[in-house]
Amino acid sequence: MERLSSVTSTGRSVLSHWGFARAHSKLLHRKLSIGGGARSGAAQSSAGGLSILAFVGVTCLGWGCVLPSLSKKRERGRRKLGRCSGGGLSTTWVSGIRDIADQYDAFILDLWGVVHNGAVAFPWAKETLMELKRLRKLVLFLSNSSRRRETNSAALEKLGVGPDLYVDLITSGEVSWRILAGACDVMDHITTIKEAKNILTFGNGSDDVEYMRALKEKNVAADAAEADLLLARGCFSLYGPEVKQASWEDFDAQLRLAAAGRVPMLVANPDVVRPDGNDSPMPGRLAQRYRELGGPDPTFVGKPYAEVFQLALEQLQEAGVPATARVCMVGDSVRHDVRGACAAGLDVVLLCSGVHSEALGLEQAPAPPRRPSEESLRGFLGALPPEETPTYVTAALAWGEVEDGRVSEESEVAVCGLACVDIAQEVEAFPAADAK
């Protein structure tokens with residue numbers, strides 16, 4: 001097993017050896033930095049000027065976690081990826097969810113990039129969902145979609161993922177709607193959001209009217225001058241007197257007007273860009289721009305923020321999962337899924353076939369899942385800070401081993417946490433922003 005014990009002046013050549021610039025062209029975008037170096041949820045904290053609401057006493061149990069030994073058959077599919085003094089963490093490669101299924105009572109799964117890509121459900125993911133159901137492992141979906149639960153549930157059913165395969169589906173859009181409707185205790189203390197009456201919606205151009213119409217005690221503001229709340233749930237339309245397609249220049253004009261009036265903003269999807277390969281802007285980008293213009297710090301609903309993970313755990317308990325149950329998160333984004341799960345005290349599986357596939361030298365699903373090369377995986381994990389280091393990594397939400405052969409069973413790659421970030425800071429030009 002290769003170990004990285006220190007950071008030296010040879011860091012630049014080490015990164016070159018790992019193919020850092022090639023393998024991580026979309027990794028180190030840090031504008032939405034959250035929390036500190038410890039995996040814990042504390043009281044309200046601030047990082048990068050963004051307000052982060054966390055739950056007191058939520059401490060990650062995953063650090064230094066020792067899992068019971070597995071059968072020899074499953075042990076062959078697991079490879080420790082190493083440990084580094086810089087981060088003090090280690091990540092294990094697993095050949096499929098089967099290898100860890102008996103270690104947990106329930107699973108929280110991301111949707112986009114994990115189960116589907118918006119157009120098709122991945123066949124290996126559907127197989128895994130059926131196997132988890134057979135083993136009576138409860139599944140809850142946790143998505144940053146700005147649409148409501150029913151909309152996403154109906155879309156899943158059209159893709160062949162029926163409600164019998166999961167116990168609940170929580171979306172950022174549903175939680176945001178319930179906050180505005182006064183039907184959710186999350187962020188109940190933020191009166192400027194809960195009591196807002198006139199809302200200007202940056203919408204998705206699809207269900208903006210239905211979304212606002214269901215908020216019977218809220219009004220649609222004509223523009224930012226009349227608004228006492230901005231609702232960022234999409235980057236395709238503005239919903240004032242009517243829904244109209246809007247350009248980024250239209251958004252910018254309204255954001256400037258709102259910033260001058262210190263109008264609060266609720267972000268119903270923290271994602272910055274859409275994982276569609278085109279870097280299409282998402283509501284998180286609106287929040288970034290709003291702060292650049294001098295607006296007040298936006299309030300975010302969704303991963304990686306603590307509230308949605310708390311709601312997910314509460315919903316699992318209502319479904320019969322004990323508070324002491326072992327729960328594992330599965331997602332494809334280190335910034336949203338891994339960071340949020342770690343802060344909530346959950347073990348987490350990072351998938352290689354999703355939003356970070358390009359950084360790992362792979363095609364994004366629905367292309368057949370593949371193991372990344374040792375060089376790509378080593379460099380990718382090595383650049384992650386502890387709060388974004390997954391417990392496990394695997395090719396996709398597949399049940400069994402992916403027949404690829406690119407990484408042999410005996411191969412081991414080292415994981416370096418903050419030490420490698422220190423090395424990366426010596427690189428003359430940082431890579432571009434991540435794809436999500």
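Contact here means heavy atoms within 4.5 Å. The model described is predicted.

By this criterion, the cover over the buried residues of helix α11 includes β7 (106-109), β8 (138-143), β9 (168-171), α6 (172-181), β17 and α12. Helix α11 itself spans residues 306-318. Its 13 residues reach 19 Å from the first C-alpha to the last, close to the 18 Å expected at 1.5 Å a residue. The buried residues in α11 are Glu 307, Val 308, Phe 309, Leu 311, Ala 312, Leu 313 and Leu 316. After the helix comes Gly 320, which has a positive phi, near 110°.

Two of the elements that cover α11, β17 and α12, also belong to the path leading to strand β18. Strand β18 covers residues 347-351, and 5 of its 5 residues are buried. Asp 347, Val 349 and Leu 351 point one way from the strand, while Val 348 and Leu 350 point the other way. On both sides these residues are buried.

Strand β17 (residues 327-331) pairs with β18 in the parallel sense over 4 bridges. Within this pairing, Met 329 has Val 348 of β18 as its bridge partner. Between the two strands the chain passes through helix α12 (residues 334-343), and the resulting β-α-β crossover is right-handed.

Strand β18 also pairs with β19 (residues 392-394), again in the parallel sense, over 3 bridges. Here Leu 351 is partnered by Thr 394 of β19. The connection from β18 to β19 runs through helix α13 (residues 374-382) and forms a right-handed β-α-β crossover.

Aromatic pairs number 7 in the structure. In one of them, the ring centres of Tyr 104 and Phe 107 are 5.8 Å apart and the planes stand at 65°, so the pair is edge-to-face. Tyr 104 is buried, with a relative accessible area of 3%, and Phe 107 is buried at 0%. Together with Tyr 392, these two residues form one aromatic cluster.

A further pair is made by Trp 248 and Phe 251, whose ring centres are 6.0 Å apart with planes at 85°; this pair is therefore edge-to-face. Both residues lie in helix α9 (residues 248-260), 3 residues apart, and are thus separated by about one helical turn. Trp 248 is partly exposed at 30% relative accessibility, whereas Phe 251 is buried at 1%.

Charged side chains are also placed over aromatic rings. The charged end of Arg 148 sits over the ring of Trp 177, 3.7 Å from the ring centre. Arg 233 lies over the face of Tyr 211, at 3.8 Å from the centre of that ring.

Notes
Residues numbered from 1 in each chain as written. Predicted model: local features only at pLDDT ≥ 70, side-chain atom pairs only at ≥ 80, totals over all residues. Heavy atoms only, no water. Buried < 20%, exposed > 50% of the residue type's maximum accessible area, 1.4 Å probe, protein only. Pairing = 2+ DSSP bridges. Right-handed = clockwise from strand over helix to strand, strands pointing away. Expected span 1.5 Å × (residues − 1). Phe/Tyr/Trp six-rings, centres within 6.5 Å; stacked < 30°, edge-to-face > 60°. Lys NZ or Arg CZ within 6 Å of the ring centre and 35° of its normal.
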